[in-house]
Amino acid sequence: MPGPALDLVTARRWAMTARLSLAAAREQVDALNVFPVADGDTGTNMFLTFDGALEHVRVQVELGEDTGGLRDGLHLIARGMLLAARGNSGVILAQLARGLADAVGPDVEAVGPEEVAAAFEQAARSAWDALAAPVEGTILTVARAAAQGAREAVRAGEGDVAEVVAAALRGAQDALARTPDQLAELRDAGVVDAGGAGLVLVVEALHTVLLDRPAGSDGEVPDWWSTGTVRPADTPSTPEAGGTVEVMFLLTGSDPERAGRLRSHLTRVGDSVAVAGGPHDYQVHVHLDDPAAALEAGGLAGVVSDVRHTSLTGDVAHAPAGDPACGGLSGAGRSGLPTGLQVVSCVLGDGVAELMGSAGAVLVPSGPRRRASAGQLLAAVRACEAEGVLVLPNDEDMVMVARAAAAEARREGLAVEVVPTRTLLEGVAALAVLDPDGRLEGVARAMREAAGAVHGGALTRADRGADTPVGPCLPGQWLGIVDHGIVAVEDALAPAAEAVLETLWHPGVELVTVLLGEGGDAQVRGALESRLARRVAGTDVELTVVDGGQPTYTVLIGVE
């Protein structure tokens with residue numbers, strides 16, 4: 001009796017099972033965050049990456065875009081994972097899926113042990129190549145160990161695909177257990193790497209499916225995934241009536257066939273759908289809850305511009321485009337700027353959004369525990385009518401996502417540069433030197449230099465107990481953070497602020513910028529400003545304090 005094979009149905013069952021595993025473990029993986037601050041979302045990001053990929057595949061299958069072959073099916077999953085990727089871990093998962101797809105030859109219905117080992121190896125190479133400065137003790141180390149395990153099993157002639165994947169799983173598990181030996185912060189916190197833990201779940205899901213265990217709670221795979229057939233046209237899935245946001249945009253560079261597919265897709269996710277015009281330009285209208293879903297779908301059918309949102313409920317979360325509180329794209333420049341440069345900026349917080357929006361940036365809501373996907377950034381880039389676009393991730397865990405979105409945009413012929421800003425303050429500094437009439441590469445270089453001149457710190461409360469480099473902390477204590485390292489644990493804000501300022505300060509300081517976030521009440525502000533006033537007294541240092549409203553970090557401090 002032949003052993004299990006990796007074919008298209010198995011690949012899809014794997015994706016479904018991985019999603020279920022990550023859904024069940026997302027909170028535990030999130031909790032592996034070594035920083036005692038409420039911004040750890042690795043498990044959530046990996047779950048949302050798979051969840052979005054499955055939705056992308058579902059839509060494409062229903063629209064007839066799936067050819068049914070293994071290679072095309074894997075590429076479709078990988079494409080969905082890329083568009084849905086959130087955080088560095090999500091992008092690496094997308095790279096792994098792409099590596100699997102690239103290792104499969106055309107017109108192949110199923111692959112055996114040799115091809116599976118090659119796929120793991122290609123996946124690991126793709127993930128390592130995606131990072132400019134890869135680090136051992138992370139998801140990358142686990143991916144490489146899985147590939148090595150699979151290859152060793154093939155060399156030893158251990159048998160069928162399931163046994164090769166079992167060897168990959170053992171390699172991944174062993175590598176994950178060793179991650180605390182490779183990264184001091186993991187060792188000090190007594191945890192393994194969160195991204196690596198998520199990857200072990202993903203490999204385990206493939207092994208589970210190859211052993212023919214259930215893919216879901218009912219043990220069944222939907223018919224449209226088993227056969228690749230399209231649901232009959234007269235029985236489309238019916239969305240819930242209504243929608244909270246009215247979205248309108250101009251779709252250019254399309255054709256009647258793609259416009260028809262867009263119309264079909266929008267009727268499945270919203271109502272009051274109109275795709276009018278043609279044969280190349282269309283006005284699109286839809287009511288739905290998630291504006292980004294309409295923009296992502298439009299971006300697959302042509303070029304999206306002139307985006308307008310209107311709340312149908314009066315909820316500020318979906319204010320008209322241009323309002324910095326908008327839940328989708330907002331800011332200036334979508335219906336103008338046929339020439340020059342435009343900025344796409346990730347941001348959460350009304351105050352900092354207003355600051356960046358007034359400077360002309362297109363805003364994409366993104367921040368700790370609510371990070372945007374690569375597809376959402378790609379939709380924002382497409383919506384810019386400019387000769388070139390600069391993307392500000394403003395978050396260390398969004399840099400890879402921004403680069404993935406920019407790479408996709410370049411494949412579409414768009415001119416895009418990522419300025420790898422790691423904090424909101426770096427983003428503010430970069431945006432301050434924007435020359436909309438300059439050359440893209442030169443402006444990007446100037447913005448990178450401005451961001452690099454910012455030395456950043458933060459004040460926030462610990463959300464759990466942990467050991468830190470300066471001693472243990474308890475929930476609720478103030479943490480002083482400089483360059484992503486904890487420099488103070490205090491019961492009150494003032495001494496924590498003083499420790500941050502002492503670490504940041506140097507004789508050449510000319511400018512201090514402070515963003516007050518959620519929890520920055522009058523008492524916090526008073527304690528902080530008194531410390532700042534003493535620090536800058538008798539100097540020429542310029543001090544700016546802004547009510548940023550950003551989540552998680554009560555105070556962000558930048559010195560230049």
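In what sense, parallel or antiparallel, do strand 16 and strand 17 pair, and over how many bridges? In this predicted model, strand 16 and strand 17, the latter spanning residues 542-547, are paired in the parallel sense, and six bridges connect them. Within this pairing, V512 has L543 of strand 17 as its bridge partner. The connection between the two strands passes through helix 19 (residues 522-536), and the resulting β-α-β crossover is right-handed.

Strand 16 also pairs with strand 18 (residues 555-559). These two strands run antiparallel and are joined by five bridges. Here L516 is placed opposite V555 of strand 18. Strand 16 itself comprises residues 511-516, and five of its six residues are buried, that is, under 20% relative accessible area; strand 16 is therefore largely enclosed by the rest of the structure.

A further antiparallel pairing involves strand 4 (residues 271-277) and strand 5 (residues 282-288), between which five bridges are found. G277 has Y282 in strand 5 as its bridge partner. Strand 4 and strand 5 form a hairpin with four residues between the strands, and in this hairpin G278 adopts a positive phi near 110 degrees.

The interior of the model was also examined for enclosed space. Two cavities of 30 Å³ or more were found in a search of the whole structure. The largest cavity contains about 180 Å³ of space. Its lining consists of 16 residues, and those nearest the centre of the cavity are L96, L100, F120, L199 and V203. At least two lining residues of the largest cavity come from each of helix 4 (87-102), helix 5 (113-129), helix 6 (139-155) and helix 9 (194-210). In composition, this lining has 16 nonpolar residues, with no polar and no charged residues.

The second largest cavity has a volume of about 90 Å³. The residues that line the second largest cavity are L6, A11, W14, L74, L100, V104, V111, E115, A119 and L206. Helix 1 (8-30) and helix 5 each contribute at least two residues to this lining. Nine of the residues lining the second largest cavity are nonpolar, none is polar and one is charged. L100 is thus named among the residues nearest the centre of the largest cavity and also lines the second largest cavity. Helix 5 likewise supplies at least two residues to the lining of the largest cavity and at least two to that of the second largest cavity.

How values were computed. Residues are numbered from 1 along each chain as its sequence is written. This is a predicted model: local features need pLDDT of at least 70, side-chain atom pairs count only at pLDDT 80 or more; totals for chains, interfaces and linings use all residues. Side-chain values use heavy atoms; hydrogens and water are left out. Buried means under 20% relative accessible area, exposed over 50%, partly exposed in between (1.4 Å probe, protein chains only). Two strands pair if DSSP finds at least two bridges between them. A crossover is right-handed if, with the strands pointing away from the viewer, the path from the first strand over the helix to the second runs clockwise. On a 1 Å grid over the protein atoms alone, a cavity is a set of points where a 1.4 Å probe fits but cannot get out, and a pocket is an open set with protein on both sides within 12 Å along at least five of seven lines; lining residues have an atom within 4 Å of a point. Grid points are joined across faces, edges and corners, and a volume is the space filled by probe spheres set on the points. Ala, Val, Leu, Ile, Met, Phe, Trp, Tyr, Cys and Pro count as nonpolar, Asp, Glu, Lys and Arg as charged, and the others, Gly among them, as polar.
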